[in-house]
Amino acid sequence: MQGQILAGKRGVISGALDPDSIAWKIAEQCVAQGAKITLTNAPVALRFGQLKELGEQLNAEVIPADATSLEDMENLFTKSQEVLGGKLDFVLHSIGMSLNVRKGKEYTNLKHDWMQKTFDISAISFHKMMQVLYNGDYMSDWGSILGLTYIAAQRTFPDYSEMAESKALLESFARSFGYHFGVKNHVRVNTISQSPTMTTAGKGVKGFTEFFGYADKMSPLGNAPADACAQYAVSLFSDLTRYVTMQNLYHDGGFSNMGMSPALLEDNDASDS
Ligand SMILES: NC(=O)c1ccc[n+]([C@@H]2O[C@H](COP(=O)([O-])OP(=O)(O)OC[C@H]3O[C@@H](n4cnc5c(N)ncnc54)[C@H](O)[C@@H]3O)[C@@H](O)[C@H]2O)c1
């Protein structure tokens, strides 16, 4: 169809677990914009999640892969090339998990073997993914690789715990690999720093519901919903953003540049009186 900004493009979307997942919306919008995609998630997530349904809905092959395994990544991209019929134009990393957060551990009393697992799943997997893509020459010239992150990489949000360091690492991998991919074949690498979003990963953070409301009031445009994040991701996969690379891009309704919001002060005044 004319006017589809991803017409003829091939991509791999990780991290769609259920219809709330940000990756779920990105997958739907990529296909609506004319792309052919494969979907992937950890084998365990395929058992508990609803990815198969999304695959059927979008006519997309589902390829199980643990993002911490180089072998699984190699298999994922080889199969994706076969199924899609050529090199990849875009790849989404939408993966995060922390056992310390999930089990409610205080930041001052974390289990460090779990922390290493968190970094491996939530950040090092991005490097692994890109290393396999780079060495296997899987990406088309002028392709686009995208990761999802959160502003806790720059500012302190106590309940986000070790995921803050994971995101700092993830964003740094985007910049460093962005250089290598840029000079190799003009592939760009960016991260979107997204508003708090009601997903399985989001709701796992202590006090998330209250914080969601706070961030909404702090942002002049309100929290950016997952659907809008998907539109932004599609633009970054398209040819309309070919010279954007090595950036951490805030998609947060303005939250990141706010200092104080009168809307929150009004709330305090109301509860004081
Ligand atoms: N929800 C938010 O508030 C928010 C805000 C900013 C950024 N993000 C980021 O967005 C991304 C997607 O999260 P979401 O909010 O859509 O939640 P989600 O729970 O729907 O997605 C997280 C995904 O990571 C997958 N995953 C976990 N371990 C894996 C492994 N070993 N191999 C492969 N996949 C694995 C899960 O199965 C799941 O599909 C994450 O990077 C998250 O940190 C989320």
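1. In which sense, left-handed or right-handed, does H4 cross H6? H4 passes H6 in a right-handed crossing. The model is a predicted one, and the points below should be read on that footing.

2. The packing of this helix pair can be stated further. Two packed helices are described by the angle between their axes and the distance between the axes. Helix H4 covers residues 70–84 and helix H6 covers residues 112–135. Their angle is about 50°, and their axes lie 9 Å apart. H4 is therefore oblique to H6.

3. The residues that form this contact are as follows. From H4 come Leu70, Met73, Glu74 and Phe77. From H6 come Lys128, Met129, Val132 and Leu133. Sorted by type, the residues of the contact are six nonpolar and two charged, with no polar ones.

4. The sheet is open and has seven strands. Its order is E3-E2-E1-E4-E5-E6-E7, and the pairing is parallel. The edge positions belong to strand E3 (61–62) and strand E7 (248–251). Each of these has a single partner strand, so one side of E3 and one side of E7 lack a neighbour in the sheet.

5. At the E3 edge, strand E2 (residues 36–40) pairs with E3 in the parallel sense, over two bridges. Leu39 has Val62 in E3 as its bridge partner. Helix H1 (residues 22–32) packs on the sheet. H1 touches strand E1 (10–14), E2, strand E4 (88–93), strand E5 (139–149) and strand E6 (188–194). The direction of H1 makes about 165° with that of E1.

6. Thr38 is a useful probe of strand E2, where it is placed. Is Thr38 buried or exposed? Thr38 is buried, since 25 other C-beta atoms lie within 10 Å and 20 or more is the cut-off for that class. Leaving aside residues up to four places away in sequence, Thr38 touches Val12, Ala60, Glu61, Ile63, Ser80, Val83 and Leu84. For a reference distance, the C-alpha atoms of Thr38 and Gly207 are separated by 34 Å, the two residues being 169 residues apart along the chain.

7. Next come E1 and E4, which pair in the parallel sense over three bridges. Here Gly11 stands opposite Phe90 in E4. Six of the six residues of E4 are buried, so E4 is largely enclosed by the rest of the structure.

8. E4 also pairs with E5, again in the parallel sense, over five bridges. Two of the residues matched across this pairing can be named. Val91 has Ile145 in E5 as its bridge partner, and the E5 partner of His93 is Gly147. E5 itself is mostly covered, with eight of its eleven residues buried.

9. How many bridges join E5 to E6? Six bridges join them, and the two strands run parallel. Leu146 stands opposite Asn190 in E6. Gly147, the partner of His93, has Thr191 in E6 as its bridge partner; Gly147 thus carries bridges towards both E4 and E6.

10. E6 is mostly covered, and seven of its seven residues are buried. Which residues lie on each face of E6? Arg188, Asn190, Ile192 and Gln194 are on one side, while Val189, Thr191 and Ser193 are on the other. Both faces of E6 are covered, and the residues named on either side are all buried.

11. Two loop residues deserve a look at their backbone. Phi of Asn59 is near 55°, a positive value in a residue other than glycine. Asn59 is found in the loop between helix H3 (51–58) and E3. Asn59 is exposed, because 9 other C-beta atoms lie within 10 Å and the exposed class takes 12 or fewer.

12. The other residue is Asp137, in the loop between H6 and E5. Phi of Asp137 is near 55° as well, a positive value in a residue other than glycine. Is Asp137 buried or exposed? Asp137 counts as exposed, with 11 C-beta neighbours inside 10 Å.

Methods: Residues numbered from 1 in each chain as written. Predicted model: local features only at pLDDT ≥ 70, side-chain atom pairs only at ≥ 80, totals over all residues. Pairing = 2+ DSSP bridges. Helix = DSSP H or I, 4+ residues; strand = E, 2+ residues; numbered from the N terminus. Contact = placed C-beta atoms within 7 Å. Axes fitted to C-alpha atoms, helices over the stretch in contact; angles between N-to-C directions. Parallel < 35°, antiparallel > 145°, perpendicular 65-115°, else oblique. Left-handed = near helix turned anticlockwise from the far one by under 90°. Nonpolar A, V, L, I, M, F, W, Y, C, P; charged D, E, K, R; others polar.
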